[in-house]
Amino acid sequence: MKRHQSSPIITREQLHLFEPGLEDVSSVFNPGAIHHEGRIVMLLRVQDRGRRTHLVKAVSRDGVRFRIDSKAFPITGLEAFPHQVYHIYDPRIVRIEGIFYITCAVDCSGGCRVAVFSSSDLESMHYVGTLNDEQQRNGVLFDQKIEGRFWMLSRPNEHTGPDGVKSGSRIFAHSSDDLRSWKEEGLVMEGRPHFWDELIGPGPPPIRTSFGWILIYHGVATHFGGGGIYQAGMCLLDLDDPRILRARGELNVLEPREMYELTGQVPNVVFPTACVPIKSRSDGTIWMDDDFYVYYGAADTCIGLAVTSPRKLLENSKAELICKE
Ligand code: BMA
């Protein structure tokens, strides 16, 4: 990936929120983003000085300069959530059959869950359901039904680091008829001990191309001092059966190098959460050389922007095609 010359594109100084406690926020990172009515709409993860979490909407014509709302994004229906909610964060947005679905991590009295929210217009979002009642993070929906069912990837929080941070090294697929009750469909991929992606998790929702679903995922190298290095890499999943890994990059395609990625609230982090085609084709397909924007949290402090294409991801990650047996 190549950083955009304007990166970081959103920093805390650009937020001017009028709600009590939100006049002077601490950080803005890990956004969801999608095309809607000729604009790119983003949901920002914002933390205030109480270390409380808010989502805030931002809108752009060019995907680079955003007009940021002055109030928090409304979330309804949480009375149905099975635990006491503390934080709703890391939104990933897709549109399926005309409805927006937003998956978020929810820190709650039960630990961390992946929850699905829906929205008809991206003016607010409503709680729909939870993947399951297990420790989970990084839920991403595929933006099309596969054989009539919704599909999701998620990463269970099965690993506790020396600093107490919960993470994991396995990505699973799940399917559902109604986004409320989910069937586990199996393991998709695991972290690679000793290399760049020891711990892993899905990044942005998968991108549909004619040769497979491209999944940008984050990998954490833990065999260094400090809290690990958060990088981004890619893999390719089968179009018809996304449990099948068709290719996986050997190298990362983005790693912390710039000062705003190396230092901040959590140092050494690039954490992609959204991909948006720069020019959308009328049939919604993405071709090998179509450039798209990748939005990522940098050091859990601000939002970076990088540009890439399917071909660049495959080539620069040194992805090898895994053949069907
Ligand atoms: C992950 C999540 C992300 C965060 C990242 C780096 O485990 O908590 O929200 O951006 O760590 O701190």
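**Exercise 1. Place Glu147 and describe its backbone and exposure.**

Step 1. Glu147 sits in the loop that links strand S11 (136-141) to strand S12 (150-156). Strands here are DSSP runs of E with at least two residues, numbered from the N terminus. The model is predicted, so local features need pLDDT of at least 70 and side-chain atom pairs count only at pLDDT 80 or more, while totals for chains, interfaces and linings use all residues. Residues are numbered from 1 along each chain as its sequence is written, and side-chain values use heavy atoms, with hydrogens and water left out.

Step 2. Glu147 is not a glycine, yet its phi is positive, about 50°.

Step 3. Its relative accessible area is 77%, so Glu147 is exposed. The classes are buried under 20%, exposed over 50% and partly exposed in between (1.4 Å probe, protein chains only).

**Exercise 2. Is Leu122 buried or exposed, and where does it lie?**

Step 1. Find the loop between strand S9 (111-119) and strand S10 (125-130); Leu122 lies there.

Step 2. Check phi: the value is near 60°, positive in a residue other than glycine.

Step 3. Leu122 has 0% relative accessibility and therefore counts as buried.

**Exercise 3. Describe the loop between S1 and S2 through His4 and Pro8.**

Step 1. His4 belongs to this loop. Pro8 has its place there too.

Step 2. His4 is buried, at 18% relative accessible area. Its side chain reaches the backbone nitrogen of Ser6 at 2.9 Å. That is a polar contact: a pair of N or O atoms within 3.5 Å; within protein, one must be able to donate a hydrogen and the other to accept it, and residues adjacent in sequence count only if both atoms are side-chain atoms.

Step 3. The Ser7 to Pro8 peptide bond is cis, with omega near 0°.

**Exercise 4. Which strands flank S23, and how is S23 covered?**

Step 1. Start with pairing, which requires at least two DSSP bridges between two strands. S23 pairs antiparallel with strand S22 (residues 270-277) over 7 bridges. S23 is also joined to strand S24 (residues 302-308) by 7 bridges, again antiparallel.

Step 2. Trace Val294. It is the bridge partner of Cys275, and its own partner in S24 is Ala306.

Step 3. Look at the turn. S23 and S24 form a hairpin with 3 residues between them, and Ala299 in the turn has a positive phi of about 55°.

Step 4. Order the sheet. It is open, with 4 strands in the order S1-S24-S23-S22 and antiparallel pairing. Strand S1 (2-3) and S22 are the edges, each pairing on one side only.

Step 5. Judge the cover. In S23 (residues 292-298), 7 of the 7 residues are buried, so the strand is largely enclosed by the rest of the structure. Phe292, Val294, Tyr296 and Ala298 point one way; Tyr293, Tyr295 and Gly297 point the other way.

**Exercise 5. Which residues surround the ligand, and which oxygen contacts does it have?**

Step 1. List the residues with a heavy atom within 4 Å: Asn30, Arg45, Asp90, Arg137, Tyr230, Val266, Val269, Phe271 and Asp300.

Step 2. Add distances from polar side-chain atoms to a ligand oxygen. Asp300 gives 2.6 Å. Arg137 gives 3.0 Å. Tyr230 gives 3.2 Å.

Step 3. Add the area. Alone, the ligand exposes 310 Å², and the protein buries 89% of that. The areas are Shrake-Rupley values with a 1.4 Å probe; for residues, only the protein chains shown count as cover.
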